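Here is a short briefing for a first look at this chain. Keep the sequence and the 3D view side by side while reading.

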Amino acid sequence: MTVFDTTLRDGEQTPGISFTFAQKLEIARQLASIGVHAIEAGFPASSQGEQETVKAIADQKLDAVICGLARSRTEDVDVCIDCDVDMVHVFIPTSEVQRVHTIKKTPEEVLDITREIVSYVRDHCELCMFSAMDATRTDTEYLIKVFRAAADAGATIINVPDTVGVYTPTAMKNLITRIVSEVNCPVDVHCHNDFGLAVANTTTAVEAGASQVQVTVNGLGERAGNADISQTVMILESIYGVKTGIKTASLYETSRLISRYSGIGVLPIQPVVGDNAFSHESGIHSHGVIACAATFEPGIMTPEMVGHRRRLTLGKHVGRHAVRQMLTDAHINPSEIEIDRIVEKVKFMSVKGKKVTDADLYEIATTIMGIGNGGRAIELQDIAIMTGNHVIPTASVKALVNGKELVCSSTGNGPVDAALKAILGIVPAKVQLKEFNIEAISGGSDAIGHVNIAIEDDHGHVFSASGSGDDIVLASTEAMVNAINLLQRIRQAETK
Ligand SMILES: [Zn+2]
């Protein structure tokens, strides 16, 4: 069972996505490091730039098979070979609709081209993947003939693409079972997600005997995308008990890397890697999870297995157990009556539509318990920002840090980035920005901006906080200062 990733080829064909050269090299390194068996690096004949990228990826000598895509033309194959790829992936349309409207060839001609191109590849390259494009809408008897021709000509693996995502798991099971028993060659599948069945079709194909799956990170790809690597791998590993060779604990970080580079965010409710995948808000669920995580999680898949974290979140459904757990973690121990009042206040805030952050919870708790806020470690005094189309955004910050006046300046990609970096420059603790999002509370250019951030300290603890105002730079710095003060307060509590 092996995993073939096509984030850099089909994924990059996602409308609106264009990875830079440097990003592509880094993505390839990341994929190899998590144990992806084969990486489709691109379609070299499509442009000079693509050719250079595929060659550069092949030159990295990664611990993965590097594959280049080619139409069934010797010129395309030659360009792949020039890139020093380990595998050439040739494809030809086999369904009637694609055969007639795209390449205008008869079924017999397609069979001839298949034999010729596969043996041409094998004369020049050790590994050849052959795809019958639109296989799932091709007459099955004819499809088997084409695959046999490819296998006889030396294809090292045959790929069954559900090119337009119209197959069902049952149909996939029948088709793969037939191909595996009638064609003497390892079988791979490439499923599209037009009806949301890409992952289900892919994992069913494995059940039926396919030995390789094609996936992309975050399910990127043409139209509705391809089978998502995290979902496919975790279904195979956790439900079917199939070893994929993937270091699953790196799935979350890989998803975030691709999300950053593609500009396509991960939905909170996305399986496996979404922010909510292991989050619990409702009182009943949180209570259960605190007692035993498997009560309201799959159990056979844990956050640790995928490099994610379990989170209890604050909202209108929050219960006493979650609030107590979150405060105990911060060494704050309210009485039963105090807990009731804290929970009531948290619910009140969230019913009013406000996102309740960790900083808000501690503020509420310390106020209700009358224990004071323990002093703010950082008190922002002055901030000056310079930005424009011809200057590098620069921020200078003056703040009292534990009573001492400190000054720091920093440049950044924009005014917010510069300001946050300047603040981090005066912070005694090592922290990293984990999350940052801005929402406008009202419509116009004078809208109030609300900034939610999360920072992570060097022990992996995450603290969320927010800030608002009509100046998003100031709202962002307020959120950052609130988060750092929270972290310092908890640190102090820990040392007491
Ligand atoms: Zn595709």
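Start at one pair of residues: Ala 70 has Val 90, in strand β4, as its bridge partner. The model is predicted, so local features need pLDDT of at least 70, side-chain atom pairs count only at pLDDT 80 or more, and totals for chains, interfaces and linings use all residues. Residues are numbered from 1 along each chain as its sequence is written.

**Overall picture**

- The chain has 17 helices and 16 strands. Helices (H or I, at least four residues) and strands (E, at least two) are DSSP runs, numbered from the N terminus.
- The C-alpha trace spans about 85 × 55 × 40 Å along its principal axes.
- Of the 496 residues of the chain, 44% count as buried. Buried means that 20 or more other C-beta atoms lie within 10 Å of a residue's own; exposed means 12 or fewer, and partly exposed is in between, with C-beta atoms placed from the backbone.
- Among contacts in the chain with a separation of 6 or more, 64% come from residues 24 or more positions apart. Two residues are in contact if their C-beta atoms, placed from the backbone, lie within 7 Å.

**Strand β4 and its partner**

- Strand β3 (residues 65-71) pairs with β4 in the parallel sense over 5 bridges. Two strands pair if DSSP finds at least two bridges between them.
- Strand β4 covers residues 87-93, and 7 of its 7 residues are buried.
- Met 87, His 89, Phe 91 and Pro 93 point one way from β4. Val 88, Val 90 and Ile 92 point the other way.

**Nonpolar cores**

- The largest nonpolar core has 88 residues. Such a core is a set of buried Ala, Val, Leu, Ile, Met, Phe, Trp, Tyr and Cys residues joined through C-beta atoms within 7 Å.
- Val 36, Ile 39, Ala 41, Val 85, Val 88, Val 90 and Cys 128 have the most contacts inside this core.
- Leaving out residues up to four places away in sequence, Val 90 touches Ala 70, Ser 72, Val 77, Ile 117, Val 118, Val 121, Cys 128 and Phe 130.
- A second, separate core has 47 residues, including Ala 395, Val 427, Phe 463 and Leu 486.
- In soluble globular proteins, nonpolar side chains tend to be buried together.

**Helices α1 and α2**

- Helix α1 (residues 21-33) and helix α2 (residues 48-59) have axes that come within 10 Å and cross at roughly 35°. Axes are lines fitted to C-alpha atoms, for helices over the stretch in contact, and angles run from 0 to 180 degrees between N-to-C directions.
- From α1, Phe 21, Lys 24, Leu 25 and Ala 28 meet Thr 53, Ala 56 and Ile 57 in α2.
- The residues of this contact divide into 5 nonpolar, 1 polar and 1 charged. Ala, Val, Leu, Ile, Met, Phe, Trp, Tyr, Cys and Pro count as nonpolar, Asp, Glu, Lys and Arg as charged, and the others, Gly among them, as polar.

**Two antiparallel sheets**

- One open sheet of 3 strands has the order β11-β12-β13, with antiparallel pairing. Its edge strands are β11 (378-386) and β13 (404-411), and each pairs on one side only.
- Neighbouring strands of the β11-β12-β13 sheet are turned by 15° against each other on average, direction ignored.
- Strand β12 (residues 394-401) pairs with β13 over 8 bridges. Ser 396 stands opposite Ser 409 in β13.
- Helix α16 (residues 415-426) lies across β11, β12 and β13, and runs at about 35° to β12.
- Another open sheet of 3 strands has the order β14-β15-β16, again with antiparallel pairing. β14 (431-440) and β16 (462-469) each have a single partner strand, so one side of each is left without a neighbour in the sheet.
- In the β14-β15-β16 sheet, neighbouring strands are turned by 20° against each other on average, direction ignored.
- Strand β15 (residues 449-457) pairs with β16 over 8 bridges. Asn 452 has Ser 466 in β16 as its bridge partner.

**Two aspartates with positive phi**

- Asp 84 is not a glycine, yet its phi is positive, about 65°. Asp 84 lies in the loop between α3 (74-82) and β4. Asp 84 is partly exposed, with 15 other C-beta atoms within 10 Å.
- Asp 134 also has a positive phi of about 65°. Asp 134 sits in the loop between β5 (127-133) and α6 (140-152). Asp 134 is buried, with 23 other C-beta atoms within 10 Å.
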